[in-house]
Structure formats: C-alpha cells, structure tokens
Amino acid sequence: MRAGNSKKDCAELPKRFPRRWESISLPHTWNAMDGQDGGSDYFRGKCAYAVRIPKQKTDGRVWLEIEAASMTAEVYINGKEVMRHEGGYSAFRADVTQMLNKRKNLLCIFVDNSNNEAVYPQLADFTFFGGLYRGVNLITVPESHFMLNRYGADGFLCTPISDEIDTRIKAEAWLENVKGSDTGYFSVTDRDGVVVAQSENAASEYVSAQLHIQQPHFWQGVDDPYLYTATARLLRRGAVIDEISVKTGIRTFSADSQKGFILNGKLTPLRGVSRHQDREDKGYALSEQDHLEDAALIREVGANTVRLAHYQHSQAFYDECDRLGLVVWAEIPLISVMSAAKGAHENSLRQMKELISQNYNHPSICVWGIANEITLGGEGAQTEANLRELNQMVHDMDSVRLTAIAQFTAYPMDGPLNQITDVVSYNHYLGWYVGEFEDNEKCLDVFHEKYPNRPLGLSEYGCEAVLTWHSDTPKRKDYTEEYQALYHEHMAWIISERPWLWATHVWNMFDFAADSRDEGGVKGRNNKGLVTMDRRTKKDAFYIYKAWWSSEPFIHICGRRYAERSGSTLSLKGYSNQPEVALYMDGSLVEKKTAERIFIFENIPFSAGSHTFMAKYRDIEDSIVLTRVEEENPAYHFVGADEDGTVANWFEDKDMEEIPDMSFESGCFSIKDTIGDILCHAEAKEVFIPAVSALVGMKIDEEMLAAMRTKTVEDMSGTFGAMIGAGAEDKIALLNAQLQKVSKRSGGC
C-alpha cells in the first residue's frame, strides 16, 4: 500500500473512509519540517492513517505487515482492533484473513510518537520522527506456509558455521498447517546459481538441516562480500507449496583485546562511521534509493564498518551492507535513560527480540548493541540486572554474534556495566565538548593498560562543522570546517596507531535532526556529520578518512568554501592517498610535496584578484578558486564561538577564588534536591540549567534534564564531575551555593 488519507492529532476511529482527510503517500512522517527546525517543539501526538483495501482473492491466508510505525501503533480493520505495537523501528504483522470480509475494507492505523515512559527511546539527542515512515504491505500465503510472525520475521533462519570439522549452514524453519506427507527442502546455491548443498526432511512445525559446503567462499567484508542464496521450500507430493529465499554469507569473526577484530582468521581493523536514517526535509520517510545512496557514500569514504544508531534500520540498508561487505553494529534504542516505568524493561527485551529475529540472516551484522550511554540519566538499582538479562537473552537467541555496549566518557572504567558484554566501546568527545583532542588517546590507553583482556572500541567521536564558518586559526567549539578537519586528522592518526581497537565509528556520517539543538547558528541539527544532511556536500573531514581508508586514487584541496582570503600570503592543505602532490597556481607550479595523506603548502604569494589552485598527481587532480580581499570577511566567523554563554560564561562572573563550604539549609534548594523539584521552580531552574550546561560543556535543555527528574543533583555530580575534569568539585560546590540562595517558599510545582 503506497497511498491513503491521514489526519494529524486524531484519536477518533472513523466509521467509514474519511475523504476529507489529507491525501498522503507512504513512506510518510508528519515531522519532516518541524522535526528539524529547532525549538524542541515538534509535534508529538497521535495521528491516523486510513486506506480502503479490497477483499483478497486467495484460498490461503492474508497477513498485514507494517514495516515501522513511530513510536506506538494501534491497528483496526472495519472498526475492530487487529493489534497494538510498541516500538518505532521494527516491523510487525498480523493474520487478517477473517477480518477482510467486505468488498472494500477500511484499514485504520493510529500512530503516536508522544512520550511514553514504557517505550524506548526515552531521551536522546535526535528527533523522534512520527508516522508510517516505511511501508505497509499485504502478504498472501497458502494455508500451509512458513511462519510469518516470529517477532515480525519470517520463519527461516540460516546460521553459517565454520570450525575445525567443516563448513556448514544450519537451516531452521518454522511452519504452519503442515500435512502428514509434506517435506521441508533446503538448498544453498552459489553466485552462479549452482546448488552446493541440499537436504530434504519430513516436515513438521519445526524442521532443520545441516547443509555442508565443500570449499566455501567466505564473506570477507569489503574485500570480497561473497553471498550465497539459501532457500527453504515446503513440498507436497513434489510440488512447491511455499518458499523463502535469503542471501547469506559464510564468515567467522572475533574481537581480540590485543589484536583487534578478526574476520575469517584475517586481522581486519574495523574503521568506519555511524549513521542516522533521517534526511533534510524528509525525516525518516526515505526511499530505497536514499538508503542505497547513504551506503554508497559510506563505501566511498572507505569505511568497512557502520554502526546503525540508535535503533533498527530499514531492511534495504541491511541488504546493501550485506552486498557491499560493511560489518554492521546493530542496536536497540535503549539510550541515555533507563525508565523505571512498568513494562519498560519488557519493551527493551521485545525490541531486541524483534531486532534479532528480523535481521538474523544478514551476514553483515556481527555485533548486537544492547545500550548506549544508558547511565547518562543516572545508574539505578536495576540498571545492571536489566542489562545482564538483556545480554543473556541475546546470546540465547544468537550464539554466534558478539554483544556490545557504548559508554560515555564519564562512566568509570572499572564500572560493572563494562563486564557484561563481549566487547566495550566508549563515546569520547574530548576536544569538542571538553578538554583537548589529545585527551582521547589518554583515555583509550589507560583503559587498555588497566584491562588488557577487554576488547575496547571507540563507538562515537566527532565535532561539529557548519559549512558557513571558517578560520585560519581554528579552535574548539568555533564550528569551523577547519577545526573539524584538525580534530579528525588527529583522531585518524591515533586510531591508526592502535590496531587493538576492535572497532571505531565516527559520529556521524551525516548531519542529522535534533530539534532541541541550537548549535553553531543552526537550529534543530547535529552538525557532526562528514556529509551534510541533504547529502550534497562532503565536508573537508570526509576526505581525511578517504585518505586513510580508501584505495580509490584521489586528491582533495581543503577550504573551497573559505573562498575569500586576506593577506599577501596564504597556506593551503590537501588530502590524498597518493605519495606525491604538485600544487599549481594559475597554471604555474608552486611546489611539489611528498607526504603521507596530509599535504600542506605554506607561504604561497597571494596577489589581488581571483586565482585558480590545482593539486595534481599524474592524471588525478582537484582545483579550487580563491579570491584575495583587503580585509577579512566577517561572514566566515560564528560570533557565538567567542561568547557561548551556555558553555563557559556561567562561571565567569562567579568568584572561583573563594569556594564556599557545602551547606544544606532545609528551606532552600541544594544539590540534594531532585532535578524534578528544581525544574518546577522558576528561580531555581534559571540557576540550574546554565550551570549544568557549563559543567558538561554542551547546551542542556529542560527536556533533557526532565528525563533525570527523579535523581538528585548530588546523584548526578559524579557524572558532571567526570565530564568536566579538574575543578569539578569546586564548581559543583559553587552551584550548590547558588541554589542555596533560592527559597523553596517562593513557589514551585
């Protein structure tokens, strides 16, 4: 189904097809524009979709499949409830054969992206777009068929196994309405369609086979992503009753704490990016071509791995990762805050069951992520127990793949949550929110030295760049393309020196929507991407990683958007994976340099007017045009970079020389009060929000803090302190002193 009618902010079930509703086509979201324009005010509520579907001509069964509905869904046919689903990123299905009893049937789907304390995600730095943003399908099958509702997945699993004995694929199938004489047939064919293994057994509700493969061709990631086709057939007296085919790849993998990631016995350092699925002016409502373009850009930068954050992505994208050889970290949206609400833990388990069941057959997926920065909102009594149960369930469902957790910098290295999963990765933004970018390797090396048997990775790292801003003297938090380039030059180098990092993932491949943000003069967007949100522009930092990771010959000159320069000389920088680069100005050779990936040309005479600069190696070249101006163009500088009041200035007018002792007058606020109580009081909130933003080095809004409302400031002081480092205790004491000046008697919730 590709079209229907929709009504925003609607909770009333229509009795007949609502002709006056807005006509829409799928995929669809009602947040395509307001979810990316800033203000943290995008629509979050219940909307309705309606479509008429004819009675299906079949002697078998009819199933309704909804590929995703964000965040919860209620489904009705002819006024009768079909199903309810909680979770905005996975598919769900129902047998609707008996409900399609009219010539024209009314299907109505309510989709609600309101905050729901029992459904994840609770809090995250991205927009929770609502809507039916993938597809809605009717599936007809014979009365006897492969099961269609194993947590929204087909009843056919393939497990490639390669050990000292042999190589085989364990094929498993779940069937419905099997007859006594039926048989289950499994086969594996190679890329040319030649059958390399097959088996036939008596059919029952469950049937399995070991398909042994002689001289297997392994799925070797981006070097050789070889795929077989596995097919399951239900046969009755030799005739095919039902059939399922999937692509599969044979591979073994492990993460070694000293050597890094190993794929089919070969050391394969995983170096890549993270990806959010939204696009400018589209939100989540992407076409298949959009997904394919994203995957192609990830391969162009030379990545061999992608972390699909922070939820289940489209089947089209996983399929393309299989085909391209990208090793995938797939995860559920258990992020930032673990809800204590009834049903929340069960929701995380359910979403993980759906993620695994629906994506089990993808050879690209090697890692299941169970949580991301889950202690950002504090570590509750059930945090460890819930994560241990989740991790064990993953291993019970999938004995082959690794489990991972992504921690943020402030989480203690010796914390118990680092002992749960097979591998651990950290999200480090040192050199952007706080500290210097040299601090990243210090954190990595300390962990590696203290815990030499724990495979460690870098799950997020990055900094923001807005195409508008430029500087000859870039610095932290100036949002320039030049600072982002310096940051990633450093990170690419330190990563190359640490092959024991099992995987590293840049945050992020693409700029993405975060409606609560107002960063670098851009509202509603996280600007850490190597590529812009519309996918039209690759920032300079993109080419740093292409120089490190890609074998495609190229040269890139930096600074093309910094087109007007002042001064009688200038410096130019280029990136390339070639050994030598020659720079020409207006056709005349300036200099020829031999270097490794980064080529810097300094003190180039720069006269008035416009000049063409070309960098060349053999038949590979790149060129830009720069113009000399008499005075530096102020349009290139983000004024907020020098006066970012929410990051540092809250402390500037406070006396840091005389830090008061901690006091806790009962009639006044203090760090012993809950965040919820502080946010309910206008004067206390006015003190608290900018102070916390200053402590953590990034803008914190009320919505983000509200997710931590049951925690006291004291509970969170360890987190704040770890993020800000030296002087944290003094600043927390100063915050307490300021809160003590606010009387609780003056109002509140």
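These are my notebook entries on one sheet, a pocket, two cavities and two single residues in a predicted model.

**Entry 1: the sheet**

I started with the strands. I found 4 of them in an open sheet, in the order 14-13-18-19, with antiparallel pairing. Which strands stand at the edges? I noted strand 14 (195-202) and strand 19 (239-248) there. Each has a single partner strand, so one side of each is left without a neighbour in the sheet. I then looked up the turn between neighbouring strands, which is 15 degrees on average, direction ignored.

Next I took one pair. Strand 13 covers residues 183-189 and runs antiparallel to strand 14. How many bridges join strand 13 to strand 14? I count 7 bridges. For the register, I wrote down that Val188 has Ala197 of strand 14 opposite it. A general reminder for this entry: strands of a sheet pair through backbone hydrogen bonds.

**Entry 2: the second largest pocket**

I moved on to open space. The second largest pocket holds about 1000 Å³. I find 40 residues in its lining, and Ser314, Gln315, Ala316, Asp319 and His362 are the closest to its centre.

Which elements each supply at least two lining residues? I listed strand 9 (136-141), strand 19, helix 1 (288-300), helix 2 (315-324) and helix 3 (344-359). Strand 19 thus links back to my first entry, where it stands at an edge of the sheet. Helix 2 gives the largest share of the lining, 5 residues. By class I have 14 nonpolar, 15 polar and 11 charged residues in this pocket lining.

**Entry 3: the cavities**

I then turned to enclosed space. A general note first: rolling a probe the size of a water molecule over the atoms shows where empty space is left. How many cavities of 30 Å³ or more does the structure hold? I found 5.

The largest cavity has about 120 Å³ of space. Its lining is made of 14 residues, and nearest its centre I see Ala3, Leu26, Tyr49, Val51 and Leu132. Strand 1 (3-7), strand 3 (46-54) and strand 8 (104-112) each give two or more residues to this lining. I sorted the lining of the largest cavity into 11 nonpolar, 2 polar and 1 charged residues.

The second largest cavity has about 70 Å³. Among the residues that line it I noted Cys158, Thr159, Pro160, Thr248, Gly249, Arg251 and Tyr360. Its lining also includes Asn361, Pro363, Asp398, Val400 and Arg401. Strand 11 (residues 156-162) makes the largest contribution, with 3 residues. The classes for the second largest cavity are 5 nonpolar, 4 polar and 3 charged.

**Entry 4: Thr532**

I picked one loop residue. Thr532 sits in the loop between strand 32 (522-526) and helix 7 (540-549). Is Thr532 buried or exposed? Its relative accessible area is 8%, so I logged Thr532 as buried, the cut-off being under 20%. What does its side chain contact? I found a polar contact with the side chain of Asp534, at 2.6 Å.

**Entry 5: Gln392**

I closed with a helix residue. Gln392 belongs to helix 4 (residues 383-397). Its relative accessibility is 45%, so I logged Gln392 as partly exposed. I also looked up its separation from Thr403. The two are 11 residues apart in sequence, and 9.5 Å apart in space, C-alpha to C-alpha.

Key
Residues are numbered from 1 along each chain as its sequence is written. This is a predicted model: local features need pLDDT of at least 70, side-chain atom pairs count only at pLDDT 80 or more; totals for chains, interfaces and linings use all residues. Side-chain values use heavy atoms; hydrogens and water are left out. Two strands pair if DSSP finds at least two bridges between them. Axes are lines fitted to C-alpha atoms, for helices over the stretch in contact, and angles run from 0 to 180 degrees between N-to-C directions. On a 1 Å grid over the protein atoms alone, a cavity is a set of points where a 1.4 Å probe fits but cannot get out, and a pocket is an open set with protein on both sides within 12 Å along at least five of seven lines; lining residues have an atom within 4 Å of a point. Grid points are joined across faces, edges and corners, and a volume is the space filled by probe spheres set on the points. Ala, Val, Leu, Ile, Met, Phe, Trp, Tyr, Cys and Pro count as nonpolar, Asp, Glu, Lys and Arg as charged, and the others, Gly among them, as polar. Buried means under 20% relative accessible area, exposed over 50%, partly exposed in between (1.4 Å probe, protein chains only). A polar contact is a pair of N or O atoms within 3.5 Å; within protein, one must be able to donate a hydrogen and the other to accept it, and residues adjacent in sequence count only if both atoms are side-chain atoms.
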